[in-house]
Amino acid sequence: IAASFLLKPFEKTVKAKFRKEAVDKLQKINPYIIGITGSYGKTSVKHILGHVLEFYGPTLFTPGSVNTEMGIVRIIREQLSPQHAYFIVEMGAYGIGSIARLCDLTPPKLSVITAIGQAHYERFKTLDDTTRAKFEIAEAVLAQQGHIILHDSVLEQPFAKSFYDVHKDNVITVGTTGQAKIISSTQTEDGLLIILQWKNIEYTIATPLYGLHHAGNIALAFATAAHLGMDPAHIVIALKSAPQISHRLEVK
């Protein structure tokens with residue numbers, strides 16, 4: 001404990017140095033930043049979206065479940081390069097203000113909110129606080145006149161619904177209703193078979209992922225890529241080879 005206390009000022013200085021290096025590099029390369037958060041599903045959406053966007057342009061996304069400031073700083077310093085057009089950042093919340101600080105580090109031009117639930121309930125105590133913490137990413141995107149893509153289940157929370165009512169033009173909803181509507185989802189031996197409606201056109205998606213909950217994650221990734229300008233037909237092709245996500249109904 002004593003050693004930790006004595007090292008704290010040194011660690012703070014080192015972290016500040018690394019953070020500044022990351023910020024300077026990010027500003028120089030200036031990729032299109034996509035922020036993803038939610039009580040659950042954010043890691044899965046990140047990996048699915050990262051795979052899809054790689055068909056559209058050079059893409060970097062934080063690996064595994066990396067979603068903290070120093071974890072993101074390390075990825076920027078060690079892996080971000082001038083060729084990257086897109087940078088997908090998973091953002092974890094450890095309390096009110098957590099995501100706002102991450103958005104200050106990596107200001108997103110587009111954000112995805114996957115779900116609001118009782119995961120990490122001990123940190124927030126109420127679903128309202130959880131919602132407010134997650135929607136810090138939406139406020140950051142609005143500051144850049146960007147768009148927020150969210151699962152329609154998020155709107156069950158009063159704060160989220162109030163935000164949506166005021167900023168409808170900047171919000172794209174996904175799920176059983178909204179702009180990206182899941183018509184059906186079926187689990188087969190070879191993976192998921194999903195019929196998704198986007199802009200009044202139905203697309204049949206076959207992907208080697210397991211678990212019907214992934215239908216919402218895939219719909220979020222589809223809507224995000226399509227909103228960025230990727231041809232929906234190309235998104236369908238990309239999803240045919242979506243890699244399995246470690247520790248999330250991964251078949252071994």
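**Exercise 1.** In this predicted model, determine which residues lie nearest the centre of the largest pocket, and how its lining is made up.

*Solution.* The lining of the largest pocket is made of 17 residues, and those nearest its centre are Tyr-40, His-151, His-213, Gly-216 and Asn-217. Turning next to secondary structure, one finds that helix α9, which spans residues 214-227, contributes the most to this lining, namely five residues. Sorting the lining of the largest pocket by class then gives five nonpolar, eleven polar and one charged residues. As a last step, the space in this pocket comes to about 280 Å³.

**Exercise 2.** Carry out the corresponding analysis for the second largest pocket, beginning with the residues nearest its centre.

*Solution.* Here 16 residues form the lining, and Ser-39, Lys-42, Asn-67, Glu-90 and His-120 are the ones that lie nearest the centre of the second largest pocket. The element that gives the most to this lining is helix α2, covering residues 42-53, with three residues. When the lining of the second largest pocket is divided by class, three residues are nonpolar, eight are polar and five are charged. The volume of the second largest pocket is about 210 Å³.

**Exercise 3.** Decide whether Ser-111 is buried or exposed, and place this residue among its contacts.

*Solution.* Begin with the location of Ser-111, which belongs to strand β4, residues 110-113. Its relative accessible area is 0%, and therefore Ser-111 is classed as buried, the cut-off for that class being under 20%. Finally, leaving aside residues up to four places away in sequence, Ser-111 touches Gly-35, Ile-137, Ala-138, Val-141, His-147, Ile-148 and Ile-149.

Note on methods:
Residues are numbered from 1 along each chain as its sequence is written. This is a predicted model: local features need pLDDT of at least 70, side-chain atom pairs count only at pLDDT 80 or more; totals for chains, interfaces and linings use all residues. Side-chain values use heavy atoms; hydrogens and water are left out. Helices (H or I, at least four residues) and strands (E, at least two) are DSSP runs, numbered from the N terminus. Buried means under 20% relative accessible area, exposed over 50%, partly exposed in between (1.4 Å probe, protein chains only). Contact means heavy atoms within 4.5 Å. On a 1 Å grid over the protein atoms alone, a cavity is a set of points where a 1.4 Å probe fits but cannot get out, and a pocket is an open set with protein on both sides within 12 Å along at least five of seven lines; lining residues have an atom within 4 Å of a point. Grid points are joined across faces, edges and corners, and a volume is the space filled by probe spheres set on the points. Ala, Val, Leu, Ile, Met, Phe, Trp, Tyr, Cys and Pro count as nonpolar, Asp, Glu, Lys and Arg as charged, and the others, Gly among them, as polar.
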